[in-house]
Amino acid sequence: MAKHSAEAEAEAKCPQNQNAVLNCIDLSNPNTNQSVNLLKQACTDSGFFYLVNHGISQDLMDQVFAQSKKLFTLPLNQKMKLLRNDKHRGYTPLRDEILDRKNQLHGDAKEGYYLGVEVAEDDPRSQKPFLWAKHMACIRYFARMEGNYGKVPTPDIGGKASLHPTFVNFLLMLFYGISREVGKAVAKLIALALGLDANFFDKPEILGEPIAMMRLLHYEGIEPVVLVDQISDPSKGLYGAGAHSDYGLITLLATDDVPGLQICKDKDAKPQIWEDVAPMKGAFIVNLGDMLERWSNCVFK
């Protein structure tokens, strides 16, 4: 029997490899039941799937990656002036995080930059964890890089807009805002897959004001001399990022064309089997977090 054309097209876009095989969920597919079934299968199998046709243009994603690259190529002494604050905004240097203390001898071989929800300085919510008054740290680091603020240009997402710091902030926060909406669209499918009303997660007490963080990540930093040529060597306890599960509802991972992500479908297996996940241009790789596993009574993982 021939498959539904939308499903066949979505599957055709998935990388064909001998490693991890993940479902592709197409947010533009008018057949909601089909998308829900694919998601439910993914959530009970591995907790990972590809998300395509999510509404974020390739051009915007490319620009975000380009600006991320500019940030991480700044001299270390400049980046260290932007260290993550108590509201979880800012820079995290190489080896700062250890995700698998049992097996890692050193911290993760990655550096990052946190962004998230911003509110007005006089907003009472600015005192809450993970919410931050609009000091715009990402403007500050690009202001250092570009020289000064100058005149704010009219952003042009589709063209060769200026790399003015205010434009860069606009770009990153635009991507952050749209990604939050993508997350809410995925949450509707998750609700349906759990037999709930599609708008279940939209309730004010659930995702009304979500703690949604965005991290720019870079896995190829300058290593201390003692660690040169020892990046991501499990036999020596060295990893780009140690084994872990994410703690939230879902993670939307946008990648470049460099592979590196691995998943383990059964953490209790001995030995554990780790499978490579191929990057897919323009797609998000979505994985479920610990909170959703608990909310679903471990039906989803």
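These legends go with several close-up views of a predicted model.

**View 1. An open sheet of three strands, with a helix packed on it.**
Let's start with a sheet built from 3 strands, which follow one another in the order S3-S4-S7. Their pairing is antiparallel. Strands of a sheet pair through backbone hydrogen bonds, and such pairing can be either parallel or antiparallel. Strand S3 (90-92) and strand S7 (213-218) are at the edges with a single partner strand each, so one side of each has no neighbour in the sheet. Direction ignored, neighbouring strands here are turned by 25° against each other on average. S3 and strand S4 (residues 111-116) are joined in the antiparallel sense over 3 bridges. To find one place where these two strands meet, look for glycine 90, whose bridge partner in S4 is tyrosine 114. Helix H3 (residues 58-72) packs on this sheet and touches S3, S4 and S7. The direction of H3 makes about 65° with that of S7.

**View 2. An open sheet of four strands with mixed pairing.**
Here is another sheet to explore, with 4 strands in the order S1-S2-S11-S8. Which strands are at its edges? They are strand S1 (24-26) and strand S8 (250-254), each of which pairs on one side only. On average, neighbouring strands of this sheet are turned by 30° against each other, direction ignored. Strand S2 (residues 48-52) pairs with S11 in the antiparallel sense, over 4 bridges. Helix H2 lies across S1, S2 and S11, and runs at about 150° to S1.

**View 3. Asparagine 287, a buried residue in strand S11.**
Now zoom in on a single residue of the four-stranded sheet. Asparagine 287 belongs to strand S11 (residues 284-288), where it is the bridge partner of phenylalanine 48. Is asparagine 287 buried or exposed? Its relative accessibility is 9%, and buried means under 20%, so asparagine 287 counts as buried. Its side chain makes a polar contact with the side chain of aspartate 246, at 3.3 Å. If you leave aside the neighbours within four places in sequence, the residues in contact with asparagine 287 are Gly47, Phe48, Asp246, Ile250 and Thr251.

**View 4. Asparagine 37, an exposed residue in helix H2.**
This view shows another asparagine. Asparagine 37 sits in helix H2 (residues 32-45). With 52% relative accessibility, asparagine 37 counts as exposed, because the cut-off for that word is over 50%. Follow the chain from asparagine 37 to alanine 193 and you find the two 156 residues apart in sequence. In space, however, their C-alpha atoms are 7.0 Å apart.

**View 5. A cluster of aromatic rings.**
The model has 3 aromatic pairs in total. The rings of phenylalanine 200 and phenylalanine 201 have centres 5.3 Å apart and planes at 85°, so this pair is edge-to-face. Phenylalanine 201 also pairs with tryptophan 295: the centres are 6.1 Å apart and the planes are at 15°, so that pair is stacked. This second pair links distant parts of the chain, 94 residues apart. Phenylalanine 201 is in the loop between helix H6 (165-193) and helix H7 (204-208), while tryptophan 295 is in helix H8 (residues 290-295). Ring pairs thus join Phe200, Phe201 and Trp295 into a cluster. How well covered are these residues? Phenylalanine 201 is buried, at 2% relative accessible area. Phenylalanine 200 is partly exposed at 25%, and tryptophan 295 is partly exposed at 44%.

**View 6. Two cysteines, and no disulfide.**
A disulfide is a covalent bond between the sulfur atoms of two cysteines. How many disulfides does this model have? The count is 0. Cysteine 43 is buried, with a relative accessible area of 0%. Cysteine 298, in the segment after H8, is exposed at 56% relative accessibility.

**View 7. Backbone details to look for.**
Try tracing the backbone at these spots. The peptide bond from lysine 270 to proline 271 is cis, with omega near 0°. Proline 271 is in the loop between strand S9 (262-263) and strand S10 (275-276). Asparagine 53, in the loop between S2 and H3, has a phi near 50°, a positive value in a residue other than glycine. Asparagine 53 is partly exposed, at 39% relative accessibility. Cysteine 298 is not a glycine either, yet its phi is positive, at about 65°.

Methods: Residues numbered from 1 in each chain as written. Predicted model: local features only at pLDDT ≥ 70, side-chain atom pairs only at ≥ 80, totals over all residues. Heavy atoms only, no water. Pairing = 2+ DSSP bridges. Axes fitted to C-alpha atoms, helices over the stretch in contact; angles between N-to-C directions. Contact = heavy atoms within 4.5 Å. Disulfide = S-S within 2.5 Å. Buried < 20%, exposed > 50% of the residue type's maximum accessible area, 1.4 Å probe, protein only. Phe/Tyr/Trp six-rings, centres within 6.5 Å; stacked < 30°, edge-to-face > 60°. Polar contact = N/O pair within 3.5 Å; in protein donor to acceptor, adjacent residues only side chain to side chain.
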